[in-house]
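Reader: I am new to looking at protein models. Could you help me learn to read salt bridges?
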Amino acid sequence: MAYILTLIIQIPTLTAMKTKNSTDKAGKQEGRSKSAYSAKKITFYLIMILPVILLSCESTPEAKFAVDTTTPVVGQDVYFTNASDNATRFEWDFGDGYGSSDPDPVHYYTASGSYEAELTAFSKSGLSDQAYITIDVQIPTLLEIEVVEWYDEYVVENASVRLYPTLVDWENEENMESEGFTDENGIVVFSHLGPYVYYVDVWEQNHDNYQLAADDVGFIRTDEIMPHRINRFVAWVDYVVHTKSDGTRDRTMVIKKLERKAEDKSRDISTNEDWRTLYEKSIKVK
């Protein structure tokens, strides 16, 4: 590049010297005037084409980027890593109506669907290049739990619902995954769960599921959670008069009633809320 610029600068001088030598040999004043005119004309054209030459010497930008996941769930941060070459400015279009000019932005999607994220990389002079990645946004993994009394089948509101990863953790009340409280419809929702089985501990001032767990562990054990779906579980409880009045759990006073099996009891959760409504009120499990 430096060699080309030096050569361009020297051309008018070299041309003028060559023309001058020719006219000196001929000994004509008219040739000297024409040589000066020719040098000016060449200089003018060089000035005109110099920007084109400089532009052609600039490296073309190449847009490149990567994401940490192409299948995020709604509300999950997606990290965009810019790997573009020969670019000084960037414009992002995430495909959902939002964009950014940050080199390495972070973005989350508020609805499920397929989105084409686009990066436009610009050089200093305005040359550009584009790169694309398709991102398939999934609905969150949801677990909707309804707490229902075993005999009269009424829902229990304001009940504490805890999730444990193993039966041993449930028994020892250790390593709790999350806790939520049922609403007026006896419903509590958890989101961002892993594809695992969970053990459900329910306690309310006059209800718990401890005797039911003693009858059959199936009363407290969920099925394996299916990713990107609404999973549902009915947590059956007994009416119990707890001996403690301080609002804490007490598993020492369990009265044997009869042996019950989980498969003998079935119930369809009556709520028909869509995943967006459930997600908004869900307990986000970290």
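Author: Happy to! Let's begin with one residue: E91 has 40% relative accessibility, so E91 counts as partly exposed. Keep in mind that this is a predicted model.

Reader: What does the side chain of E91 meet in a salt bridge?

Author: First the general idea: side chains of opposite charge can pair when their charged atoms come close. Here, E91 pairs with R89, with 3.1 Å from N to O. R89 has a relative accessible area of 41%, so R89 is partly exposed too.

Reader: How do I decide on "partly exposed" rather than buried or exposed?

Author: Use two cut-offs: buried means under 20% relative accessible area, exposed means over 50%, and partly exposed lies in between. Across the protein, buried residues make up 38% of the 286 residues.

Reader: Which residue forms a salt bridge with E153?

Author: That is R267, and the N to O distance for this pair is 3.9 Å. The cut-off for a salt bridge is within 4 Å, so this pair counts. The two residues come from distant parts of the chain, 114 residues apart. E153 lies in the loop between β8 (142-149) and β9 (160-164), while R267 lies in the loop between β14 (230-239) and α5 (275-280).

Reader: Are E153 and R267 buried or partly exposed?

Author: E153 is at 34% relative accessibility, so it counts as partly exposed. R267, at 25%, also counts as partly exposed.

Reader: Which residue does K281 pair with?

Author: K281 forms a salt bridge with E273, and their closest N and O atoms are 2.9 Å apart. K281 has a relative accessible area of 36%, which means partly exposed. E273 is at 29%, so the label is again partly exposed.

Reader: Which residues do salt bridges with shared partners join into one network?

Author: Those are E146, E153, K265 and R267. You have already met E153 and R267 as a pair.

Reader: How many salt bridges does the count come to?

Author: The count comes to 12 salt bridges.

Reader: Now for the wider picture: how many helices and strands does the protein have?

Author: Five helices and 15 strands make up its secondary structure. Contacts are worth a look as well: among those with a separation of 6 or more, 69% are between residues 24 or more positions apart.

Reader: And what is the accessible surface of the protein?

Author: It comes to about 16,500 Å², and 51% of that belongs to carbon and sulfur atoms.

Methods: Residues numbered from 1 in each chain as written. Predicted model: local features only at pLDDT ≥ 70, side-chain atom pairs only at ≥ 80, totals over all residues. Heavy atoms only, no water. Buried < 20%, exposed > 50% of the residue type's maximum accessible area, 1.4 Å probe, protein only. Helix = DSSP H or I, 4+ residues; strand = E, 2+ residues; numbered from the N terminus. Contact = heavy atoms within 4.5 Å. Areas by Shrake-Rupley, 256 points an atom, 1.4 Å probe, with all protein chains shown as cover.
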